[in-house]
Amino acid sequence: MNLTLKIWRQAGPRHTGELMTYKVSDISPDMSFLEMLDVLNEQLNAKGEEPIAFDSDCREGICGMCGLMISGEAHGPEKTTTCQLHMRSFRDGEVITIEPWRANAFPVIKDLVVDRGAFDRIIQAGGYVSVNTGAAPDAHATPVPKPAADRAFMAAECIGCGACVAACPNASAMLFMGAKVTHLSELPQGQPERMARVVSMVDQHDEEGFGGCTNVGACSQACPKGIPQDVISTLNKDLRAALRG
Amino acid sequence: MTETTVNAGIAHGLYREGEPVADSKAPAGPIAGKWRQRQFEASLVNPANRRKLDVIIVGTGLAGGSAAATLGEAGYNVKVFCFQDSPRRAHSIAAQGGINAAKNYKEDGDSVFRLFYDTVKGGDYRSRETNVYRLAEVSANIIDQCVAQGVPFAREYGGLLDNRSFGGVQVSRTFYARGQTGQQLLIGAYQALERQVAAGTVEQFTRHEMLEVVVVDGRARGIIVRDLVTGEIETHLADAVVLGSGGYGNVFFLSTNAMGSNVTATWRAHRKGAYMANPCYTQIHPTCIPVSGEHQSKLTLMSESLRNDGRIWVPKNREDCDKDPRDIAEEDRDYYLERIYPSFGNLVPRDIASRQAKNVCDEGRGVGPMVGDFRRGVYLDFADAIQRLGRDAVESKYGNLFDMYARITGENPYETPMRIYPAVHYVMGGLWVDYDLQSTIPGLFVIGEANFSDHGANRLGASALMQGLADGYFVLPNTIRDYLAKGPFDKLTQEHPQVVEARTSVEQRTKRLLEIRGERSVDSFHRELGNIMWEYCGMERSEEGLLKAIDLIRGLREEFWRNVRVLGSGDTLNQSLEKAGRVADFLELGELMCIDALHRRESCGGHFRAESQTEDGEALRHDDEFLYVAAWEFGGGDALGEMQQPVLHKEDLVYEAIELKQRSYK
């Protein structure tokens with residue numbers, strides 16, 4: 001395959017960036033999208049041009065490190081992570097635009113790399129159960145109904161990639177936060193801190209500069225793990241209960 | 001066998017032998033009482049003094065993340081470092097299968113002793129008995145801790161935890177969270193860690209890479225890191241340093257490890273005096289998706305459970321290798337595992353399945369695309385299973401794996417057989433540690449995959465997660481206090497000569513990598529090294545091959561330092577520079593792995609040594625000569641990859657609780 005790539009290049013956080021055009025040829029449809037970028041980077045290196053910076057680590061769809069806006073869609077045309085997207089999803093001769101996640105709360109570090117530290121700070125605000133090592137009762141002391149355990153698991157599948165924020169017209173992180181709130185609210189272990197947790201996390205979310213949720217649903221559509229939009233309803237329900245006292 | 005060949009490494013001047021090494025920390029007495037006794041004997045640190053003690057932890061996977069959280073909870077002043085953008089990205093996250101624990105919730109005869117026994121036997125009697133017993137002992141506490149944190153393990157309808165049997169053992173002791181157990185356990189540890197960051201006991205440094213350990217007056221006292229965003233070289237000092245930086249499978253270039261997984265933290269410590277133990281012990285997993293072309297950047301593992309219903313075969317005739325497999329008649333197929341091992345068939349252990357796949361491909365009977373001169377793949381065929389059980393039953397059992405395979409290969413495994421090939425996915429070797437998990441550098445502790453301790457020559461399924469969390473939550477926090485009780489040590493300044501020396505060496509190395517401006521990319525060196533390692537230090541090793549590999553690696557390393565091309569500058573995010581530093585260390589490690597493999601003239605675990613086999617071609621272990629841990633001391637070297645002979649220190653393995661046996665599968 002031969003492709004034309006328009007890629008966001010930005011030297012650093014305080015530099016202005018621009019879309020640059022590159023051509024790649026002889027791309028195999030079996031390559032992953034990131035392997036196609038590896039090929040481009042080898043070409044650039046050979047020509048003496050600095051390679052394009054982009055994040056990836058596990059390259060099997062679970063670590064959440066990769067994430068690109070591909071022709072306007074978070075993680076591209078398939079419902080998966082960028083690393084699990086393959087070139088057979090594109091046509092020969094296609095023009096592909098590649099940008100970093102766009103959100104005020106995710107500042108660009110360089111080229112396609114953004115800072116998602118805001119997600120860590122939202123978890124720091126309460127996305128945990130306060131139990132010190134060694135203080136745990138026997139694992140079978142508290143049975144958990146299977147439907148609750150399954151829904152907690154579904155929400156806990158979030159990989160923290162940030163596609164939900166990138167896809168949202170308001171750059172809201174409500175799906176990310178709703179997934180964590182739902183995971184812990186479904187379990188008996190999460191109950192003691194349930195009300196304080198949701199208030200504290202939402203405060204941090206707003207402080208980071210993420211936008212509000214207006215029920216567009218683009219987040220859930222873009223989520224590579226298929227986290228459903230109703231985790232946001234769970235969050236809102238908990239938040240209402242907490243604010244009413 | 002004969003003396004001259006056993007000592008081939010010495011004969012070729014590749015290494016020399018030094019004094020034996022021994023663990024001095026495990027208390028005497030019956031094995032079941034050792035850990036309790038050690039916890040009692042280890043000095044305590046008064047809670048009021050803990051915040052005066054600084055501990056640095058490198059790596060935020062299951063081991064590093066859980067250790068940082070636990071030491072923070074205890075009140076120590078912790079700094080934790082990772083090269084990823086968040087602690088939650090560490091590669092523990094990719095573990096699929098599960099975590100073992102001796103809970104005996106199924107009342108099927110499991111016990112601490114049985115888990116201990118299975119792990120030592122699975123490791124082919126090359127692990128340290130005392131450490132493994134402790135691992136089995138604390139395994140149950142791990143499950144309790146994780147459940148209390150909200151880790152959503154699979155449950156039964158009664159609300160209690162589900163277990164499954166895994167990796168060929170006869171009891172159901174594996175706890176799991178669908179195929180994402182590693183992810184769920186890591187998120188649990190990550191959340192515990194972030195809670196401590198919020199509490200102010202832990203300071204977190206993301207996108208920071210450790211490039212040197214600071215050793216002052218014989219003690220580990222800090223690390224030198226590069227801020228990967230600003231490029232700044234920073235010095236961080238402490239009373240103790242803990243490495244939980246994972247394994248080095250990426251020395252093979254292609255592995256199931258993450259792109260960033262590397263040996264730099266442990267290799268730098270090795271160069272500063274920490275012994276590296278059994279570096280050639282690598283685990284190769286049989287059911288991975290094969291390489292599809294020269295562009296391949298990593299390999300993906302599929303759960304071994306596929307072998308329960310899939311039949312493995314290749315064409316009998318080379319001419320059939322590029323045919324559509326559905327057009328190859330039954331009589332022209334070679335179900336080679338069923339043929340060679342009639343009683344175990346497709347369920348032979350990992351190492352056998354892997355090696356036989358390599359053998360048939362080497363004979364020119366592999367399938368799939370040509371990669372180099374060979375087709376590297378064998379069929380894993382579900383046609384019989386679909387006919388016998390129905391497509392729905394197969395889908396409910398393996399649906400997610402079939403989907404993953406289809407996404408990566410673009411082929412439909414319900415219609416045409418899967419192709420699989422072995423890949424590197426874990427290393428049992430690592431820095432040598434004593435019972436307290438302390439390396440040969442006082443004050444430097446090593447946990448998780450980064451150390452060598454618990455898996456011997458082969459790791460059992462569902463035990464990597466167990467070891468990472470055992471070390472981080474329960475073992476290290478109890479043993480490190482015995483060391484920290486001697487502190488706080490003298491306050492150091494950043495101007496101390498040994499601190500300056502460490503920082504300067506990092507600055508010079510970074511500068512040198514940027515100044516070479518040669519012709520070849522970092523990846524091209526890495527790929528070539530990986531090919532050498534896979535060919536000569538992979539599943540099957542021979543004296544001739546290993547000697548050749550050592551020569552090739554030396555030549556490649558020499559070329560690297562004069563011909564690598566790293567563009568860009570050091571004062572910004574520069575991913576080529578990061579990779580260059582890691583590959584430079586892999587080029588040194590690779591040689592030591594080959595020397596270790598050369599000196600161990602026996603087949604053990606997954607490591608088949610051509611010169612050590614039975615009459616019918618099976619692995620032959622030599623307990624009379626090799627019942628020891630090979631702990632290598634760095635022999636000296638310069639900054640440009642020139643290395644002197646390493647020194648071999650042997651730790652004899654003593655089995656008091658378990659009797660030594662040979663494995664058999666025929």
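Mentor: Contact means heavy atoms within 4.5 Å. This is a predicted model, where local features need pLDDT of at least 70, side-chain atom pairs count only at pLDDT 80 or more, and totals for chains, interfaces and linings use all residues. Residues are numbered from 1 along each chain as its sequence is written, chains are lettered from A and ligands numbered from 1 in written order, and side-chain values use heavy atoms, without hydrogens and water.

Trainee: Leaving aside neighbours within four places in sequence, which residues does B:Ile99 contact?

Mentor: Skip anything within four places of B:Ile99 in sequence. What's left is B:Ile142, B:Ile143, B:Phe153, B:Arg173, B:Thr174, B:Phe175, B:Thr181, B:Leu185, B:Ala462, B:Leu465, B:Met466 and B:Leu469.

Trainee: And which helix gives the most to the largest nonpolar core?

Mentor: A core is a set of buried (under 20% relative accessible area, 1.4 Å probe, protein chains only) Ala, Val, Leu, Ile, Met, Phe, Trp, Tyr and Cys residues joined through side-chain atoms within 4.5 Å. The largest has 203 residues, and B:Ile99, B:Phe153, B:Leu243 and B:Phe560 have the most contacts inside it. With 13 residues, the top contributor is chain B's helix (a DSSP run of H or I, at least four residues, numbered from the N terminus) at 575-599, H18.

Trainee: How many residues are in the second, separate core?

Mentor: Look around B:Tyr341, B:Ile352, B:Val394 and B:Ile420, which belong to that separate core. Its residue count is 30.

Trainee: Over in chain A, which residue of E5 stands opposite A:Ile7?

Mentor: Strands (E, at least two residues) are DSSP runs too, and two of them pair if DSSP finds at least two bridges between them. E1 (residues 3-9) runs parallel to E5 (residues 95-99), joined by four bridges. E5's covered face has A:Ile96 and A:Ile98, while A:Val95, A:Thr97 and A:Glu99 are on the uncovered one. Opposite A:Ile7 stands A:Ile98.

Trainee: What stands opposite A:Met69 in E5?

Mentor: Strand E3 (residues 69-70) pairs with E5 in the antiparallel sense, over two bridges. Facing A:Met69 is A:Glu99.

Trainee: Where is phi of A:Ser71?

Mentor: Most residues other than glycine have a negative phi. A:Ser71 sits in the loop between E3 and E4 (73-74) and is partly exposed (20% to 50%), at 40%. Its phi is positive, near 45°.

Trainee: What is omega at the cis peptide bond of B:Pro488?

Mentor: B:Pro488 lies in the loop between H14 (464-484) and H15 (497-516) of chain B. The cis bond joins B:Gly487 to B:Pro488, and omega is about -5°.
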